[in-house]
Amino acid sequence: MNAHVVPCADLAEYRERADAWTEGLPFPVLSGPSLDRYRSLFPEGELPRVETAPRAGTVISVGGDAGAAGRLLAAATGRTHRVVEPAGLARALAPLAGELVAVVGLAEDITASGDWPGAHGPVVGVVTARDLTALTCLVYRSLTAGAASEDRVFVATHPMLEDADLADTNEFEDILGLGRRRPKLLVLKALGKECCAALPDGILCGRSDPIDAPPPPADPSYRHMPCMYGAGCHRADLDEDRRLPAAELHATVVFTHSCSSIAVGTNAYPHHVALGLGLLEGTAVAVVGALGVHIVQRGAQGDLEDALAEDLPLGRAVERLNERARPINGWLNRFGLLGDPGLVLGLPGGRAADAVAGAAEPAGTAVRRDEEAVRDLAHLSNVVLPRLERLCWLEPGVDALAVEGFRIRVREAAEDLQAPDLASRVAGIETDLATFQHATAAAIAHDIYVNGWNYGGPSLDGLREVSQRPTTCPNCARDRAALITMRHVVHAGLTVRTLQCRRCGDLWWTSEESDEPAFVLEGALDTDAVSGRVTGLSRTLRNDSEHVLRGGIGFAFAMRRFLGLPPEISAPISVLPGEKEEFTAEIDLVGHQPRPDVHTGVFIAIVNGAYIASSSMMRLAPAGSSDPVRPPETNFR
């Protein structure tokens, strides 16, 4: 007899020893294939002593047969224990919302409860198996989790998945090699369902018995695989040596990304073929896996590794996975835990620690999604590009093909939000968009200088006034202005706003869609100048939005190329949220000799897809005249 473990021949002996067990006595386990597989990890024959460190939470056993196993788990870890019937499990879990709860029971009893236990509020781990011999061994393994485990992560990924090149392997042959080694964390990113996880050249099978063995009777309402009818594996393209029973795979914790790898309580297939249960008949102490249809998130692996490195209990680690996945794919990225949620496994380092230290990332490194880059990409897709697409209606000179090219680049970047270069790709799009908008502003300014200013171009005929709000003119300070909103009769999304004064005329125009523009050009409408001097005309771009403004700004005298005024001027511009940036157009009235007059000019800015225009009146006096009397300085937007 092993000094630390006492194998029991039957359930009666197991119950008797479980009831009498206290720390220091040999730990009772039912003999069976699961115990034999675990024993194979200890070639010298001495099974490890159970660890009795306290664990957080509560233990609830489901059904009388599992009560002894649940009582042992609770007694060894200092937790309270209670036994409920399957029909009462949901009621027992309801008051424990947010708490760690180890639900111990046979898979058929968990299924009889009607749902996945984690749906009832607590942070649940289901300690379960297909039969009592496997269940008692799982409890024992969870109390000796640190034994015979290599402190490493092994990642196997189907080659068609986007991060396959980061994995330790894409080949089934290397999975077979895990029958001889036991990594602390095995990550399986494969195609599959409740019964299997598959690579192109092999399959990990939930069955623990030979494929041609007669299966136990199953409810005909379940989905049945060909093997349940004696017709062999559904992967008819594979020989039998390409099928590995999950129970023969060694790992301490298995993290599966294949669909429905956790299906206890919600299983559509018989438990006899369940992948998660097959893994728990091997040497695994826990399986973290997908509930239902699953979209792989590469960042989830890094989240789990870091949680283990932080010594979070398994239940809290899986809780973190779900919290971080919920805003991304929600229902299609739910994780469940088979195993004790109070178990602290530990994992040296963690990938986040490697990144901080600047270490080279090993094969299999999980890529975290850059949420800031995703938000920036969403802003480009949902705000900036639609504005630019509308700008093509307002300004026929805008390169519509170039705008479509940016749409294609944004769409391509969004195809892989886990890409390690996502942030740099988004930054590249933003930089190129800023350059494009500067070039567009420069082209509009040149056209204003040569042909005049006509905000809206050919779209003006399609714009209809939808609102008119009286307001005070910021230039003359009289109540004789109106804020006018116009919308296009064909393009319902094309809105233009302008501030008009019965005295001062145009003050500003904008294609920004908000009622109160979030970025505006501010400055005096009327500016005095004298021939033979250099005069500065200025506007300040104020950014009241939550995003960095990027683009171009320019100034041009309207249709003054042939009147001797200096040509247009433009520059790139960038303004941080909540800040301002001034742009000054230096007007050379020394090298250029226009006649004294009131010369109309326009400041235009193309930033974050919006087209802003601000009128300017340069009151030019002849050289040698005294400086005109200036009115009080006014600003407008």
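These legends accompany several close-up views of a predicted model.

**View 1. Helices α13 and α14 meet side by side.**
Let us start with a helix pair. Helix α13 spans residues 400-414 and helix α14 spans residues 422-451; their axes come within 10 Å and cross at roughly 170 degrees. An angle over 145 degrees counts as roughly antiparallel, so that is how α13 runs relative to α14. On the α13 side, the contact is made by A402, V403, F406, R409, V410, E412 and A413. Facing them from α14 are L422, R425, G428, I429, D432, L433 and F436. Sorted by class, this contact has nine nonpolar residues, four charged residues and one polar residue.

**View 2. Helix α14 from end to end, and the glycine that follows.**
Here we stay with α14 and look along its length. The helix has 30 residues, and the distance from its first C-alpha to its last is 42 Å. That is close to the 44 Å expected at 1.5 Å a residue. Just after α14 comes G452, which takes a positive phi of about 100 degrees.

**View 3. Strand β23 and its partners β24 and β26.**
Strand β23 covers residues 549-557 and is mostly covered, with eight of its nine residues buried. Seven bridges link β23 to strand β24 (residues 569-575), and the two run antiparallel. To find your way in this pairing, look for G554, which stands opposite S570 in β24. Strand β23 is also joined by seven bridges to strand β26 (residues 598-607), again with an antiparallel run. A handy landmark for this second pairing is I553, whose bridge partner in β26 is A605.

**View 4. N608, in the loop that follows β26.**
Moving on along the chain, we come to N608 in the loop between β26 and β27 (610-621). This residue has a positive phi of about 50 degrees although it is not a glycine. Its relative accessibility is 6%, so N608 counts as buried.

**View 5. The parallel sheet β4-β3-β5-β6.**
This open sheet has four strands in the order β4-β3-β5-β6, with parallel pairing. Its edge strands are β4 (80-84) and β6 (123-129), each of which pairs on one side only. On average, neighbouring strands of this sheet are turned by 20 degrees against each other, direction ignored. Strand β3 (residues 58-62) pairs with β4 over five bridges in the parallel sense. Within that pairing, V59 stands opposite H81 in β4.

**View 6. Helices α3 and α6 on the parallel sheet.**
Now for the helices that go with the sheet of the previous view. Helix α3 (residues 67-77) packs on the sheet and touches β3, β4, β5 (100-106) and β6. The direction of α3 makes about 165 degrees with that of β4. Helix α6 (residues 132-142) lies across β5 and β6, and runs at about 130 degrees to β6.

**View 7. A148, in the loop after α6.**
In the loop between α6 and β7 (150-157) sits A148. The phi of A148 is near 50 degrees, a positive value in a residue other than glycine. With a relative accessibility of 32%, A148 counts as partly exposed.

**View 8. The mixed sheet β9-β10-β11-β12.**
A further open sheet of four strands follows the order β9-β10-β11-β12, and its pairing is mixed. Strands β9 (191-193) and β12 (243-245) are the edges, each pairing on one side only. Neighbouring strands in this sheet are turned against each other by 15 degrees on average, direction ignored. Strand β11 (residues 202-205) runs parallel to β12, and three bridges join them. Look for I203 here: it stands opposite R243 in β12.

**View 9. A proline within helix α12.**
We finish with P386, which is found in helix α12 (residues 371-394). At 17% relative accessibility, P386 counts as buried. Setting aside neighbours within four places in sequence, P386 is in contact with L380, S381 and R407. Another residue to locate is Q500, 114 residues from P386 along the chain, with 26 Å between their C-alpha atoms.

How values were computed. Residues numbered from 1 in each chain as written. Predicted model: local features only at pLDDT ≥ 70, side-chain atom pairs only at ≥ 80, totals over all residues. Heavy atoms only, no water. Axes fitted to C-alpha atoms, helices over the stretch in contact; angles between N-to-C directions. Parallel < 35°, antiparallel > 145°, perpendicular 65-115°, else oblique. Contact = heavy atoms within 4.5 Å. Nonpolar A, V, L, I, M, F, W, Y, C, P; charged D, E, K, R; others polar. Expected span 1.5 Å × (residues − 1). Buried < 20%, exposed > 50% of the residue type's maximum accessible area, 1.4 Å probe, protein only. Pairing = 2+ DSSP bridges.
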